[in-house]
Amino acid sequence: MRLRHLSLRDFRSYSEAEVDLTEGVTTFVGLNGQGKTNLVEAAGYLASLGSHRVSNDAPLVRFGAERAFVRAAVVRDSRETVLELEIVPGRANRARVGRSAATRPRDILGTLRTVLFAPEDLALVKGDPGERRRFLDELLVARQPRWAGARSDYDKILKQRNALLRSAQSVLRKGSRGGTLTPEEAVSRETTLDTLVEWNTHLAAVGASLVYARLRLLRDLAPHVASSYDEVSAGRSEARLTYVSSLPEAVAHRIADGEVPEREELEKAFHQAFEEMRQREIDRGVTLVGPHRDDVTLTLGDLPAKGYASHGESWSFALALRLAAFHLLRNDLKTDPVLVLDDVFAELDAGRRERLAAMVADAEQVLITAAVAEDVPDILSGSTYYVTKGSVSAEEADDAPLTESGTTSGSADATSDNGGADHD
Ligand SMILES: Nc1ncnc2c1ncn2[C@@H]1O[C@H](COP(=O)(O)OP(=O)(O)OP(=O)(O)O)[C@@H](O)[C@H]1O
Ligand SMILES: [Mg+2]
């Protein structure tokens with residue numbers, strides 16, 4: 001699939017931008033801070049309803065504006081669909097697919113698929129487990145949008161269970177340490193325990209589904225990660241992924257060995273864990289088992305990547321994860337997701353640069369950002385846009401001074417107007 005047109009209003013540094021896009025490679029070139037990443041971030045947001053840079057929406061709306069609009073024409077199998085999203089920080093966003101009435105944003109998931117690699121992805125290798133969990137879950141949703149519902153159900157159940165553990169801490173503690181309870185306390189203890197059993201059932205059911213889905217995803221993804229790393233690094237070492245489960249030892253071991261237990265078995269393991277950990281969970285007031293406590297260990301050769309891999313190796317591993325996601329989606333969907341490479345080439349040595357270019361050259365559409373056009377290997381020649389202070393143009397701006405509002409002249413097919421971008 002590909003984007004034919006991207007349209008922004010009050011998104012990030014853009015008061016307005018209209019960008020036509022073609023098949024193949026489009027490179028956005030411009031100095032630091034001009035708005036290259038902002039453009040591709042908008043495309044990524046339409047596909048995933050999340051930004052790779054921020055976890056809340058406020059920074060996405062142009063400073064001083066109330067809401068942002070992102071619109072895109074997406075072409076798949078020569079059919080075009082228009083997607084529209086209104087981003088209003090602090091309130092529910094609104095979305096629209098084609099001419100239909102406004103819907104929940106979640107309903108547009110799946111229409112546009114992107115795989116976005118950005119410098120922030122270094123955190124997949126060097127960062128906390130949460131980064132790797134998010135990678136898995138986002139890919140799960142990109143693969144099958146219905147997982148967005150399960151993800152949010154899980155988060156809700158987890159919140160409720162944690163709230164229950166916290167609020168009931170004192171009464172449960174007293175009861176479980178053999179203290180004497182008043183009749184009221186005894187009743188309250190019973191009710192709390194009953195409610196806890198209910199939340200256990202919900203959490204085990206949704207949690208087991210989520211872990212099962214992640215394990216299957218990982219099983220399908222792993223060979224692509226190994227081959228992508230191999231290709232980028234020209235066979236320097238073997239890249240492997242191991243799922244680290246918070247479930248009881250026996251199951252966790254088998255999972256670490258690459259086994260994918262049945263969903264029912266995982267659900268039983270949750271209940272066993274709740275039994276075993278009850279006292280600790282009550283003491284700490286948080287849920288200690290479940291997909292929110294899991295991690296994925298990344299290994300290069302015999303060593304963990306985190307803490308051992310060089311900068312270039314970590315970068316290549318993060319890249320391999322995204323390229324693997326691209327290949328997995330390509331296989332699944334029978335169409336290419338839009339591949340976005342934000343600032344990737346400057347960090348790679350010449351060999352890795354050329355090999356990466358060769359790997360992505362046949363993708364249906366690739367959007368690349370670069371501060372220096374020469375960093376992008378020649379085989380990725382395609383269209384080039386020049387980005388200067390919130391304006392996108394097919395013509396390279398000559399040294400003409402920027403106008404008061406920061407507007408540069410745009411070409412017929414790619415113009416923008418940032419008439420209000422005077423916040424800085
Ligand atoms: N909500 C916002 N309102 C106005 N301006 C914003 C907003 N968010 C970001 N910006 C501006 O956008 C600019 C950053 O844009 P962007 O990240 O796209 O740069 P870039 O061209 O990718 O640069 P680099 O080459 O450094 O990666 C910054 O100058 C920042 O001040
Ligand atoms: Mg950038």
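So, contacts first: if you take the pairs in this chain that sit at least 6 apart in sequence, 67% of them join residues at least 24 apart. Keep in mind that this is a predicted model.

What else about the chain as a whole? We have 10 helices and 15 strands. The radius of gyration comes out at 24 Å, and the globule rule gives 22 Å for 424 residues, so the chain is as compact as a globular protein of that length. Along the principal axes, the C-alpha trace spans about 85 × 50 × 40 Å. And buried residues account for 41% of the 424.

Okay, on to a helix pair. H6 runs over residues 183-233 and H10 over 350-360, and they pack at an angle of about 130 degrees, axes 7 Å apart. That makes H6 oblique to H10. Who's touching whom? On the H6 side you've got Glu231, Val232 and Ser233, and they meet Arg352, Arg355, Leu356 and Met359 of H10. Sorted by class, that contact has 3 nonpolar, 1 polar and 3 charged residues.

Last stop, Ala394. You'll find Ala394 in the loop between strand S14, which is 391-393, and strand S15, which is 414-416. Is Ala394 buried or exposed? Somewhere in between: Ala394 has 16 C-beta neighbours inside 10 Å, and a residue needs 20 or more to be buried and 12 or fewer to be exposed, so Ala394 counts as partly exposed. One more thing while we're looking at that loop: Ser383 is 11 residues from Ala394 in sequence, and the C-alpha to C-alpha distance between the two is 8.2 Å.

Conventions. Residues numbered from 1 in each chain as written. Chains lettered and ligands numbered in written order. Predicted model: local features only at pLDDT ≥ 70, side-chain atom pairs only at ≥ 80, totals over all residues. Axes fitted to C-alpha atoms, helices over the stretch in contact; angles between N-to-C directions. Helix = DSSP H or I, 4+ residues; strand = E, 2+ residues; numbered from the N terminus. Parallel < 35°, antiparallel > 145°, perpendicular 65-115°, else oblique. Contact = placed C-beta atoms within 7 Å. Nonpolar A, V, L, I, M, F, W, Y, C, P; charged D, E, K, R; others polar. Rg over C-alpha atoms; globule rule 2.2 N^0.38 Å.
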